[in-house]
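Grab the model and work through three short exercises with me. Each one has a task and then a stepwise solution.

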Amino acid sequence: LPSLSLPSSMHLIQVDSVQRWMEDLKLMTDCECMCILQSKPISIEKDEPNELILSSQYSTCDNLQLLLKRAWIISTELTRIAQKLEKNRWQRVHSMTVRVNCHVRSMVNEYNTFTRNSSEEMHQFEKLLIDKCSEFTAFTERCLQTEDEERLKSMKSCINETLTTIAQYFGQLIELVLTHEAQNLLRQIELSGSLYVMESAISGLFSLAQEGAHLCRIIAKEGGVVALFKICRQDCFRCLYPQTLRTLASICCVEEGMHQLEKVDGILCLADILTDSSHSEATHAEAAAVIAQITSPHLTFTQHLSSFLENMEEIVTALVKLCQEASSGEVFLLASAALANITFFDTMACEILLQLNAMKILLAACSDKRIVDTPYSRDQVVTILANMSVLDQCASEIIRGNGVQLLMEMLFEKSSSGNSAEVAACERVQQKSAVTLARLSRDPEVADAAIKLSCIPRLIKLCRSPTERNNSDSVLVACLAALRRLAVMSPDRLEDSDFQQLVKPRLVDSFLLCTNMEESFV
């Protein structure tokens, strides 16, 4: 092909999409090679160097990634075959069936090149799947040669049944493979005395856990949480603590992981790590990440963490200290996220925070742009402030720490990148700062400080201008509530139209008015 001069605008193509295509391309070209070779592997003499096996030079993690990508392609292809079958696109059904057949054989061959001691059950499922795929390919080929519509209809139901059977065999095989790999990694952790081997195995578990909740359940069921906490209780493995704790945080996003954590007194182990000043900051930060994970308000299965209450005071104390001494924004984010979740988990935490002078520490951290450097960190801080603001003593602490000024600044939170996650974090910051102002403004001193800082005009702007609040209804409701609280203290600061539309009506009526406003109304 002649070389082409690409315009500079081509560089605007998103890198992620191109990278994904490049990664998938190898798998697709392998498939085409296998089609030409009629899915027959190239035989190699045992005493010759194995240069033709694709996965031989890869690590276990790379091999698993390759397997998972191949599995994702097969799963996608099976779904597409069902769609084409529904539309009677027989030529496409057959060509895609051939492709799936090749991918399945490639996946099995690749896996068998790098795995050891695979079970008899796994080999049985491999054979069942390959045989059923061959049968499926032959069946769809016969459909191409049939022109009788009635016969095709009857064959279609058989194809659907075969497709369902293939999907079941495929799912069961993948489940066995992933379970087998998790068992192998855990066996390495349990039996190896080598730090290098253990580090590699923990890295493999972490990679598996990143593939989603189902993989985390498999690891937890195979004893992953137990094995990892065993490492965290041995001083000789201190250098592995950060990586081990990071893996635990991933696995404990599922209920099975949480149950295992409870069984091995994981909370007590985490408390010991957090309160031991001889551990590195990285270890403390990763322990904080595990605490943040297991106390997440989004999880519905935290009720059984009874041991957490027993250790809560020392955990909260250690997390406040970590926030105060954090050397980076990432460490502060992990520690403050854990504290924010704990304030949802139990109201007693807010009283402990007040006693520890946490308000002053958090407000001081917010003035250091090196530490609190993202909307995500500010989201954690304002969450803690919002939950603490239910306590009467909180108002005086806010005044002393110049907290009203900070809350006012947070009402202006805007995303600099436009990234959807960052935009959502900015919305949460705006909403929670308005909620905190509404709660604290029951104290006349806080309300007076907010009014002097021109909070009322800003709240009105957020209510009336959808773009200022990124069209967020939750921000609107919070701002209306805060505005009404301040209006009681200083009604003369509002124009009559603002009072009549935003304060006087029922909150739901003001909400409907603001959500239907055009930008030009401002």
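The exercises below go from confidence, to the overall fold, to one helix.

This is a predicted model in which local features need pLDDT of at least 70, side-chain atom pairs count only at pLDDT 80 or more, and totals for chains, interfaces and linings use all residues. Residues are numbered from 1 along each chain as its sequence is written, and side-chain values use heavy atoms, with hydrogens and water left out.

**Exercise 1.** Find where the pLDDT is below 50.

Step 1: Start with the average pLDDT (the predictor's confidence in each residue, from 0 to 100), which is 84 for the chain, with 87% of the residues scoring at least 70.
Step 2: Residues 1-15 fall below 50, and this stretch has 1 contact (heavy atoms within 4.5 Å) beyond near neighbours in sequence.
Step 3: Residues 29-58 are also below 50, but that stretch has 31 such contacts.
Step 4: Where pLDDT is low, the predicted coordinates should not be read in detail.

**Exercise 2.** Describe the chain's secondary structure and burial.

Step 1: Count 25 helices and 0 strands (DSSP runs numbered from the N terminus: H or I, at least four residues, for helices; E, at least two, for strands).
Step 2: Of the 522 residues, 49% are buried (under 20% relative accessible area, 1.4 Å probe, protein chains only).
Step 3: Among contacts between residues at least 6 apart in sequence, 73% join residues at least 24 apart.

**Exercise 3.** Explain why helix H11 is largely enclosed.

Step 1: H11 spans residues 266-275, and 7 of its 10 residues are buried, so the rest of the structure largely encloses this helix.
Step 2: The buried residues are Gly-266, Ile-267, Cys-269, Leu-270, Ala-271, Ile-273 and Leu-274.
Step 3: Their packing partners are helices H8 (224-231), H9 (241-251), H10 (255-263), H12 (281-294) and H13 (306-325).

Note on methods
Buried means under 20% relative accessible area, exposed over 50%, partly exposed in between (1.4 Å probe, protein chains only).
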